[in-house]
Amino acid sequence: MSLWERHGFARLMDWNMRGPATGRLRAAAVAPAAGDVLEVGFGTGLNLPYYRDSVRSLTALDPLDALRERVDARIAAARVPVRRVLRAADGRLPFDDARFDCVVTTWTLCTIPDVATALREMRRVLRPDGRYLFLEHGVSDQPRVARWQRRIEPLYKRVAGGCLLTRHIDALISAAGFTLVECERWVEPGPRVFTAMVRGSARP
Ligand SMILES: C[S@@+](CC[C@H](N)C(=O)[O-])C[C@H]1O[C@@H](n2cnc3c(N)ncnc32)[C@H](O)[C@@H]1O
């Protein structure tokens, strides 16, 4: 992880990804989470205020260890017990099969380099009756916007911690063996290359 990712980008991400608009999306995305939850791409803990009492424990996985005081304060204020695991998701996860009731990702599948492996691992550690909840951005359904996404992606990913703009998120989730239960796509206000959203849930 570069110095920019660890310090500069982490600050930018934390500033850019909080606020009422993303808060509403986060609240809706994580509301169904229950039991033992694994959040992949925990970032700076911006989902923590939105987990409900139905969550027994949160395992927060991310290779990024930045803004430590701020993240520790968020963990201390959370109403669920949090265990941090500082490692990447695109290798063998250090958890038994079927260990979790729920897996959550928000704005993370865009960034994990080997996203296919990460999704397969997330599926492995989910109980057969568990749920994967996702809130992500990806490639636009509009060909003109998608062309712009492809054009700017090589430069954008260098400054945005590896974030790719052109991933087909629901196709990747299905390709990993998940069955989509709900899947909604929409466009958020803002520059369209960044705002093609997808959210939903899947079973393993
Ligand atoms: C755009 S940020 C989103 C952070 C957080 N999920 C949120 O909603 O605020 C993407 C996150 O993915 C994490 N990430 C990057 N590569 C990863 C990997 N291989 N495995 C797990 N997380 C990764 C980054 O460190 C970063 O925290």
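**A tour starting from helix α2**

Begin by selecting Pro20, Ala21 and Arg24, which are exposed (12 or fewer other C-beta atoms within 10 Å of the residue's own, with C-beta atoms placed from the backbone) and lie on one side of α2. Helices (H or I, at least four residues) and strands (E, at least two) are DSSP runs numbered from the N terminus. This is a predicted model, in which local features need pLDDT of at least 70 and side-chain atom pairs count only at pLDDT 80 or more, while totals for chains, interfaces and linings use all residues. Residues are numbered from 1 along each chain as its sequence is written.

Next, select Arg26, Ala29 and Val30, the residues of α2 (20-30) that are buried, a term that requires 20 or more other C-beta atoms within 10 Å. These three cover an arc of only 80° around the axis, which puts them on the same side of α2; the arc is that of the directions from the helix axis to the C-beta atoms.

Now show what covers these buried residues, which includes β4 (100-106), β5 (126-137) and β7 (196-203). Helix α2 lies across β4, β5 and β7 and runs at about 165° to β5, where axes are lines fitted to C-alpha atoms, for helices over the stretch in contact, and angles run from 0 to 180 degrees between N-to-C directions.

Then display the whole sheet, an open one whose seven strands follow the order β3-β2-β1-β4-β5-β7-β6 with mixed pairing; two strands pair if DSSP finds at least two bridges between them. At the edges stand β3 (82-85) and β6 (179-187), each with a single partner strand, so one side of each is left without a neighbour in the sheet. From one strand to the next, the twist averages 15°.

Within the sheet, zoom in on β1 (35-40), which pairs with β4 in the parallel sense over three bridges, and find Leu38 opposite Val103 in β4. Select Val37 as well: leaving aside neighbours within four places in sequence, Val37 is in contact (C-beta atoms, placed from the backbone, within 7 Å) with Val55, Ser57, Leu58, Phe100, Asp101, Cys102 and Val104.

Val37 also leads to the largest nonpolar core, where, of 43 residues, Ala33, Val37, Val103, Met122, Tyr132 and Leu133 touch the most other members. Such a core is a set of buried Ala, Val, Leu, Ile, Met, Phe, Trp, Tyr and Cys residues joined through C-beta atoms within 7 Å.

Finally, zoom out to the C-alpha trace, which spans about 45 × 40 × 30 Å along the principal axes of the protein.

Notes
Contact = placed C-beta atoms within 7 Å.
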